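Q: Can you walk me through this model? I'd like to start with how the contacts are spread along the sequence.
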Amino acid sequence: MPEVDMMVCRSCGNPERASEGAPCDDCGTFICMICGFRGITVCKACRAKRGMPEPANLPPRVAPPPA
Ligand SMILES: [Zn+2]
Ligand SMILES: [Zn+2]
């Protein structure tokens, strides 16, 4: 099985493919494609910094696999 370029999205916290994501509008950290589709273009930290509310359409957190 080939290694995939997974990164943790700094908006929704889910691991997604880095090659399919986009940088945060503010700080350039990784935002996943799913957030991008939903019109979310800034990370959680930058939302807090700007005083923006958490988006109602933020993708749900995927449960981590059991250790
Ligand atoms: Zn995301
Ligand atoms: Zn950011």
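Q: What share of the contacts between residues at least 6 apart join residues at least 24 apart in sequence?
A: In this predicted model, 22% of those contacts do.

Q: And what is the order of helices and strands along the sequence?
A: The pattern reads β-β-β-β-α-α, with four strands and two helices in total.

Q: How does the radius of gyration sit with a compact globule?
A: The chain has 12 Å, which agrees with the value near 11 Å for a compact globule of 67 residues. Along the principal axes, the C-alpha atoms fill a box of roughly 40 × 25 × 20 Å.

Q: How much of the chain is buried?
A: Of the 67 residues, 19% count as buried.

Q: Which residues make up the largest nonpolar core?
A: There are nine: Cys9, Cys12, Cys24, Ile31, Cys32, Cys35, Ile40, Val42 and Cys43.

Q: Take Ile40 from that set. What is it in contact with, beyond neighbours within four places in sequence?
A: Ile40 is in contact with Ser11, Ile31, Cys35, Pro55 and Leu58. Ile31 and Cys35 are also members of the core.

Q: Changing topic: where does Asn14 lie?
A: Asn14 is in the loop that runs between β1 (6–8) and β2 (15–17).

Q: Why does Asn14 count as partly exposed?
A: Because Asn14 has 18 C-beta neighbours inside 10 Å, and a buried residue needs 20 or more.

Q: Which residues is Asn14 in contact with, its neighbours within four places aside?
A: Those are Cys9, Cys32, Pro59, Arg61 and Val62.

Q: What separates the C-alpha atoms of Asn14 and Arg47?
A: A distance of 17 Å, with the two residues 33 apart along the chain.

Key: Residues numbered from 1 in each chain as written. Chains lettered and ligands numbered in written order. Predicted model: local features only at pLDDT ≥ 70, side-chain atom pairs only at ≥ 80, totals over all residues. Core = buried A, V, L, I, M, F, W, Y, C linked by C-beta atoms within 7 Å. Buried ≥ 20, exposed ≤ 12 C-beta atoms within 10 Å, placed from the backbone. Contact = placed C-beta atoms within 7 Å. Rg over C-alpha atoms; globule rule 2.2 N^0.38 Å.
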